[in-house]
Amino acid sequence: MSHTILLVQPGARPETRTYCDYESVNECMEGVCKIYEEHLKRRNPNTPTITYDISQLFDFIDTLMDISCMVYQKSTNTYAPYNKEWIKEKIYVLLRQAAFSPNA
């Protein structure tokens with residue numbers, strides 16, 4: 001478990017910057033998925049069920065002005081930065097594990 005801070009800037013203006021923190025990298029990646037799901041709900045308020053595939057999620061991530069993570073490194077007592085591509089890679093692994101999980 002590594003404390004993770006998600007930094008997001010959806011628009012061009014600096015005022016759109018926000019952050020969230022999570023207890024682990026996986027929780028953070030689930031948080032990114034939830035941000036996209038909330039975006040879809042706002043765009044489709046009358047749709048009872050929202051579905052999407054990973055390529056649509058990645059396209060959404062690519063439209064963000066900036067998104068990155070700061071992950072706590074216990075060995076150095078510092079936070080290491082990770083970029084958009086790293087986030088997409090971690091989401092891919094997380095969703096693949098969920099798809100092949102016996103509890104899914």
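Two strands are taken to pair if DSSP finds at least two bridges between them. In this predicted model, four strands form an open sheet in the order E2-E1-E3-E4, and the pairing is antiparallel. Strand E2 (18–22) and strand E4 (78–82) are the edge strands, each pairing on one side only. On average, neighbouring strands of the sheet are turned by 20 degrees against each other, direction ignored.

Strand E1 (residues 4–9) pairs with E2 in the antiparallel sense over five bridges. Within this pairing, Leu7 has Tyr19 of E2 as its bridge partner, and Val8 stands opposite Thr18 in E2. E1 also pairs with E3, again in the antiparallel sense, over six bridges. Here the bridge partner of Val8 is Ile67 in E3. Val8 thus has a partner in E2, Thr18, and a partner in E3, Ile67.

Strand E3 comprises residues 66–73 and includes Ser68. Ser68 has a relative accessibility of 17% and therefore counts as buried, because the limit for burial is under 20%. Leaving aside residues up to four places away in sequence, Ser68 touches Ile5, Leu6, Leu7, Tyr82 and Ile87.

Helix H1 (residues 25–43) packs on the sheet. The helix touches E1, E2 and E3, and its direction makes about 25 degrees with that of E1. H1 has 19 residues and reaches 27 Å from its first C-alpha to its last, close to the 27 Å expected at 1.5 Å a residue. The buried residues of H1 are Val25, Cys28, Met29, Gly31, Val32, Cys33, Tyr36 and Leu40. Their cover includes strands E1, E2 and E3 as well as helix H2 (54–63) and helix H3 (84–99).

H3 has 16 residues and reaches 22 Å from its first C-alpha to its last, close to the 22 Å expected at 1.5 Å a residue. In H3, the buried positions are Lys84, Trp86, Ile87, Lys88, Ile91 and Leu94. What covers them includes the helices H1 and H2 and the strands E1, E3 and E4.

The two helices H1 and H3 pack at an angle of about 95 degrees, with their axes 10 Å apart. H1 and H3 are therefore roughly perpendicular to each other, a class that runs from 65 to 115 degrees. On the H1 side, the contact is made by Val25, Asn26, Met29, Glu30, Val32 and Cys33. On the H3 side, Trp86, Ile87, Lys90, Ile91 and Leu94 take part. Among these contact residues, Val25, Met29, Val32 and Cys33 of H1 are buried, as are Trp86, Ile87, Ile91 and Leu94 of H3. Ile87 is also one of the residues touched by Ser68.

The structure holds zero disulfides. The sulfur of Cys20 has its closest cysteine sulfur in Cys28, at 8.1 Å, which is too far for a bond. Cys28 is likewise in no disulfide; the nearest cysteine sulfur, that of Cys69, is 3.7 Å away, whereas a disulfide requires sulfur atoms within 2.5 Å. With respect to accessibility, Cys20 is partly exposed, with a relative accessible area of 31%, whereas Cys28 is buried, with a relative accessible area of 0%.

Definitions and conventions. Residues numbered from 1 in each chain as written. Predicted model: local features only at pLDDT ≥ 70, side-chain atom pairs only at ≥ 80, totals over all residues. Heavy atoms only, no water. Buried < 20%, exposed > 50% of the residue type's maximum accessible area, 1.4 Å probe, protein only. Contact = heavy atoms within 4.5 Å. Axes fitted to C-alpha atoms, helices over the stretch in contact; angles between N-to-C directions. Expected span 1.5 Å × (residues − 1). Parallel < 35°, antiparallel > 145°, perpendicular 65-115°, else oblique.
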